[in-house]
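New to this one? Take a moment to turn the model around, and then we'll walk through a few of its spots together.

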Amino acid sequence: MTVDNIVPVILAAGKGTRMHSDKPKVLQAVLRRPMLAYVYDALDAVFGAAPLTVVGFGADQVRDAFPDRTGGFVLQEEQLGTGHALQMAWDAAVKSGCEYCAVINGDTPLVTPESLGNLAAAAGDFDIAFMTITPNDPASFGRVVRNEDGKVMSIVEAKDYDFSIHGPVTGEVNAGIYLFRLDTVAPLLDQLRNDNMGGEYYITDLIGLGVGGGLKVQGVQCGNDTNLMGINSPLELVHAEQTLRRAIVNTLLEGGVLIHNPETVIIGPDVKVEPGAEIYGHCEIYGKSVVEKGCVLGSYTTVIDSVFRSGATLREYSHIEQADVGPDCIVGPFARLRPGAKLHRQARVGNFVEVKKAVLGEGAKANHLTYLGDAEVGGGCNIGAGTITCNYDGKNKFVTSIGEGAFIGSNTAIVAPCTIGRDALIGAGSTITKDVPDGETAIARGKQTNLRRRLKKS
Ligand code: UD1
Ligand code: CA
């Protein structure tokens, strides 16, 4: 069940100066996935309306990265502050027909649907609500000011905090996630001023303005919930990454995946690992990878957007990207599977073998020092050490097709396009430039001559 009377608004226009990067901060990746993707996921789980996304710095990059996840992009041409960002989105929020908007900083990727649900629960009873946390270090977060009765009075940004006016700090700070009732908060928007230390229009000033205007304001306390900490710097980013990494690994361990040396294993949020799989650290698995039961992934392996079907083994120091590894296959050590590599059941790819856009049939073997690119290798084939499919003439790529049961001798170069028939045999050291019919033997190498050796007399 999603909440229907609240339209989410993501503030994603800032540069993220403290990241020291040309990339817009919301595109910085946590476990190789942009922060903003996490925010969309959490919002979609709670709210029925598609979020409005305020973009500015690197707007085109953000638009291109998420063409279909937003209810619309709003351009904040000049980034004059979070309050200004909200002003830019306000009309679109009103047009949504919702009663409230939920505003979230785009740099808060670990926010959970549960905490967003708690915020949404304030709708109906309050005009303004916002989430607060009490982290160990209040750092640069906005300070929540309450009166003696514990009633929220305002949020004061760290650099504007004045002890003589605002009193001693409590440690409670603003998480940057807010709920605003559109009709009652609208008149406050024009009252935002930028006469503060940052010289910016702060969204957080709406809290004090709301209290002053007699609106009902709630600070939803979430204790020391580190998932709600915004990311501003590389240090904060890796902290969030570690938190998420640990949570993912622990969940998998609890679910029956055997993960050795778990502190050194990194598994992305979209990866699926079935109970009964076994993973040795250091191992990194990212993207939409799937690891089925009975698979063993060895140390120092990287797997990206790939599938390991049941019982497959990946040995040490292998790099796998956009590959499909069939049941009971053995890959590595030191293997490289590139996009389009597809291995059928019990195929074997050994050390220093590179496979790109190539299919290996059931039980086919390429065990040593080989390049198979743009190739179809039939079931049961044996590809000798040092075999190369010469697939590229400098301009175009060509296909090599090898029939079932063929035996390719060591150090063979097959110049594509080329078809080797079923059960054909290629002599070691051949350079094959013509098709080889089914069941025939081809040898294409210089004849050996043996000459008497002249030895120097001492
Ligand atoms: C903000 C809050 C602070 C809170 C903290 C929580 C303000 C003034 N302060 O501080 O109280 O404790 O978040 O993490 O809001 N953005 C725009 N347009 C702009 C400026 C920023 O869209 O003109 C976006 C940024 O891309 C970012 C978000 O707003 O996603 C927050 O901006 P940021 O500069 O990170 O604010 P903080 O200093 O962290
Ligand atoms: Ca921030």
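Let's begin with a turn in the chain. Strands β8 and β9 form a hairpin with 5 residues between them, and in that hairpin Gly-150 takes a positive phi near 85°. Keep in mind that what you're looking at is a predicted model. The two strands, β8 (residues 143-146) and β9, run antiparallel and pair over 4 bridges. If you want a spot to check the pairing, find Arg-143, which sits across from Val-156 in β9. Strand β9 covers residues 152-156 and is mostly tucked away, with 4 of its 5 residues buried.

Next up is the metal. Which residues coordinate the calcium ion (ligand 2)? Asp-107, through OD, and Asn-232, through OD1, do the job at 2.2 to 2.4 Å. These two come from distant parts of the chain, 125 residues apart. Asp-107 belongs to the loop between β6 (100-105) and α4 (113-120), while Asn-232 belongs to the loop between β11 (217-221) and α8 (234-254). Asp-107 and Asn-232 are both buried.

Now for the pockets. Here are the largest and the second largest side by side:

| Pocket | Volume | Lining residues | Lining by class |
|---|---|---|---|
| Largest | about 1,100 Å³ | 38 residues | 13 nonpolar, 18 polar, 7 charged |
| Second largest | about 330 Å³ | 16 residues | 7 nonpolar, 7 polar, 2 charged |

In the largest pocket, the lining residues closest to the centre are Arg-18, Lys-25, Thr-82, Glu-200 and Asn-232. You've met Asn-232 already, as one of the residues that coordinate the calcium ion. Two elements, α3 (82-95) and β10 (173-181), give two or more residues to this lining. Which of the elements gives the most? That's β10, with 4 residues.

In the second largest pocket, look for Thr-226, Met-229, Glu-236, His-239 and Ala-240, which lie nearest the centre.

Last stop: helix α1. It takes in residues 35-46, 12 in total, and reaches 18 Å from its first C-alpha to its last, close to the 16 Å expected at 1.5 Å a residue. Is α1 mostly covered or mostly exposed? Mostly covered, with 9 of its 12 residues buried. Among those buried residues are Met-35, Leu-36, Tyr-38 and Tyr-40, along with Leu-43 and Val-46 towards the other end.

How values were computed. Residues are numbered from 1 along each chain as its sequence is written. Chains are lettered from A and ligands numbered from 1 in the order in which they are written. This is a predicted model: local features need pLDDT of at least 70, side-chain atom pairs count only at pLDDT 80 or more; totals for chains, interfaces and linings use all residues. Side-chain values use heavy atoms; hydrogens and water are left out. Donors are N, O and S atoms within 2.8 Å of the metal (3.2 Å for Na, K and Ca); water is not among the atoms, so sites may look incomplete. Buried means under 20% relative accessible area, exposed over 50%, partly exposed in between (1.4 Å probe, protein chains only). On a 1 Å grid over the protein atoms alone, a cavity is a set of points where a 1.4 Å probe fits but cannot get out, and a pocket is an open set with protein on both sides within 12 Å along at least five of seven lines; lining residues have an atom within 4 Å of a point. Grid points are joined across faces, edges and corners, and a volume is the space filled by probe spheres set on the points. Ala, Val, Leu, Ile, Met, Phe, Trp, Tyr, Cys and Pro count as nonpolar, Asp, Glu, Lys and Arg as charged, and the others, Gly among them, as polar. The expected span of a helix is 1.5 Å times one less than its number of residues. Two strands pair if DSSP finds at least two bridges between them.
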